[in-house]
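Got the viewer open? Here is a short tour, one selection at a time.

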Amino acid sequence: MNFEDLKSQWKKQPKAEAPENGAKSIAKKINTMRKKQLITNMVLGATLLILIGFFFYIMAYRDQTVLWGLVTMMGALLGRIVIEIYSVRRLGKLNIGLDARQFKNRMTAYYQKRKGIHYILTPLILLAYCGGFVRLLPAFKAHLSGGFYTYIVVSSVVLIVFFSIFIGYHVRKELAILKTLKET
């Protein structure tokens, strides 16, 4: 009787149907994610170039505090760029032509790594960047007017809050896309 019950329950299970244009839909989502990661790299790269230009413009190598503050900020940006390049390459290597189980396993592995990047490395990189900026504040205070120094401090706090919210929004959005791909 148990075998018959199992057989009956097996037949009652809903059949998983492949979505229409499933491979095209997955490829489109992956390409969208790759484009967003490339745009992120371009923005980070432009910011890095601006910091490098600023480094030489103010001759930061003359003041150890400024030197290490800017090097920390540039290192944080460079680290994030390297992580994103690695992620873009890894995403590009995902073969959507694999059978569903293999694709899901690879997508799950990619998803787990991106979660680690977003929940561990991104906050650490952001903290390093902010730490580098904080190291610059004594030099700003010494060489800038009180009003402009206050403006820099207040605007940097506003910007870090804004960018944290912005980054959080895009992280959730990317993870939602990855989750749907993983479940496909």
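Start with the aromatic rings: this predicted model holds four aromatic pairs. For one of them, select F162 and F166, which are stacked, with 6.2 Å from centre to centre and 20° between the planes. Those two numbers are the usual way in: a pair of aromatic rings is described by the distance of the centres and the angle of the planes.

Why are F162 and F166 about one helical turn apart? Colour helix 5 and you'll see: they sit four residues apart in that helix, so about one turn separates them.

Now switch on the surface. F162 has 48% relative accessibility, so it counts as partly exposed. F166 is partly exposed too, with a relative accessible area of 41%. Add F163 to your selection, and you have one aromatic cluster made of F162, F163 and F166.

Keep F163 highlighted, because the next stop is the largest pocket, with a volume of about 1600 Å³. Its lining counts 46 residues, and the closest to the pocket's centre are L44, L77, L126, F163 and I167.

Which helices should you colour next to see at least two lining residues from each? Pick helix 2 (22–57), helix 3 (64–92), helix 4 (100–143) and helix 5 (146–183). Helix 5 gives the largest share of the lining, 17 residues.

Try colouring the lining by class: 32 residues are nonpolar, eight polar and six charged.

Last stop: colour by domain. Domain 1 (19–57) and domain 2 (61–184) both contribute to the lining of the largest pocket, so the pocket lies between them.

Notes. Residues numbered from 1 in each chain as written. Predicted model: local features only at pLDDT ≥ 70, side-chain atom pairs only at ≥ 80, totals over all residues. Heavy atoms only, no water. 1 Å grid on protein atoms, 1.4 Å probe; cavity = no way out; pocket = protein on both sides within 12 Å on 5 of 7 lines; lining within 4 Å. Points joined across faces, edges and corners; volume = space filled by probe spheres on them. Nonpolar A, V, L, I, M, F, W, Y, C, P; charged D, E, K, R; others polar. Domains from an automatic or database assignment. Phe/Tyr/Trp six-rings, centres within 6.5 Å; stacked < 30°, edge-to-face > 60°. Buried < 20%, exposed > 50% of the residue type's maximum accessible area, 1.4 Å probe, protein only.
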